[in-house]
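Okay, everyone, let me put this one on the screen. I'll talk you through what I looked at.

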Amino acid sequence: MADPSPKPVPLLKDELDIVIPTIRNLDFLEMWRPFFEQYHLIIVQDGDPSKTIKVPEGFDYELYNRNDINRILGPKASCISFKDSACRCFGYMVSKKKYIYTIDDDCFVAKDPSGKDINALEQHIKNLLCPATPFFFNTLYDPYREGADFVRGYPFSLREGAPTAVSHGLWLNIPDYDAPTQLVKPRERNTRYVDAVLTIPKGTLFPMCGMNLAFDRELIGPAMYFGLMGDGQPIGRYDDMWAGWCVKVICDHLGLGVKTGLPYIWHSKASNPFVNLKKEYKGIFWQEEIIPFFQSATLPKECTSVQKCYIELSKQVKEKLGAVDPYFNKLADAMVTWIEAWDELNNTSEQTSSKQANGAAK
């Protein structure tokens, strides 16, 4: 009997890590096996580190719990949230790959309108490898997609586009609503499949959701900090949105693109709106100050790297939002700690200084 033909090698197999935060056994990976099995997984275990998390056989993974985070980061582990899915950003930090895809463990494989399983990861990769159009909106949406192009009146000087740093996917079934909206619309489900990918225009913020998200770690990784949330903090469920606001301001400054739309996943279960309200209620008030802060934030031209941008943003957070609540002073300090830990683990500062030294030698 002839050997079965080898599986086709998926896109970016050796250049992408899948990061999953969890407190439970990862049975959900079985349905993702056709799409994830050939990739490397980084599992960040939240909660009790003595609990054993079971991962289905056949997956290539590394798993980190709170003890590992404390051991690897030492005192700087204080910047990684506990008892909150914000802990996932530790996985971004320890990855050595160019790209990251992160997904929640209650996200299942969705079907497109024809009934075919959606390979969410493949679509994210296509989004990231294709330019974005942040400087001028194309009314046919993604002009690089088959069957589309730049419309009449689109400047030829902008048609090369900009590098894509972030691909933000969406969800069928349970929408990503805040607690008040959950409470007034408990039975609402998203059944609308919109076959489109849009670049979010420069100067426009958006609420980033971390449950179906991919990004270019080399372009924007150090800004993907999900803040201080959960245990011991006055706020939760704003981790991904905080990261999104910081990322968008920095992408705008550095000329990078952020896309939203395809791919969809199937969000299987709604979290408890009353629990969510306890986590969110301060954020619901604070965001009325946070959003104008980010809308008006500007970065000096000296900020030429993501790290420099992020440190500058942390100073502005302390200066402008510190008056809203002392929590923001603590968050600003954690933003600096995060960058220090990122640079230590990734030898960024050493690489930068050696490059500068080599440049000076020439």
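So, which residues in α9 are buried? They are V306, Q307, C309, Y310, L313, S314, Q316, V317 and L321. Keep in mind that this is a predicted model.

A quick word on the helix itself. α9 runs over residues 306-321, so to speak 16 residues, and it spans 21 Å from first C-alpha to last, close to the 22 Å expected at 1.5 Å a residue.

Now hang on to Y310, which is buried in α9. Y310 turns up again in the largest nonpolar core, which has 67 residues. Together with V166, I220, Y225, W242 and W338, Y310 touches the most other members there. Helix α10, residues 327-346, gives that core its largest share, 10 residues. There's also a second, separate core of 37 residues, with L12, F28, I53 and L128 among them.

Back to W338. What is W338 in contact with, leaving aside its neighbours within four places in sequence? You get C79, I80, C89, M93, G221, P222, M224, Y225 and, yes, Y310.

Okay, zooming out. The chain comes to 11 helices and nine strands, and 51% of its 362 residues count as buried. If you take contacts between residues at least 6 apart in sequence, 74% join residues at least 24 apart.

And the overall size? A compact globule of 362 residues would have a radius of gyration near 21 Å, and the chain has 20 Å, so the two agree. On the outside, the chain exposes about 17400 Å², with carbon and sulfur atoms supplying 53% of it.

Conventions: Residues numbered from 1 in each chain as written. Predicted model: local features only at pLDDT ≥ 70, side-chain atom pairs only at ≥ 80, totals over all residues. Heavy atoms only, no water. Helix = DSSP H or I, 4+ residues; strand = E, 2+ residues; numbered from the N terminus. Expected span 1.5 Å × (residues − 1). Buried < 20%, exposed > 50% of the residue type's maximum accessible area, 1.4 Å probe, protein only. Core = buried A, V, L, I, M, F, W, Y, C linked by side-chain atoms within 4.5 Å. Contact = heavy atoms within 4.5 Å. Rg over C-alpha atoms; globule rule 2.2 N^0.38 Å. Areas by Shrake-Rupley, 256 points an atom, 1.4 Å probe, with all protein chains shown as cover.
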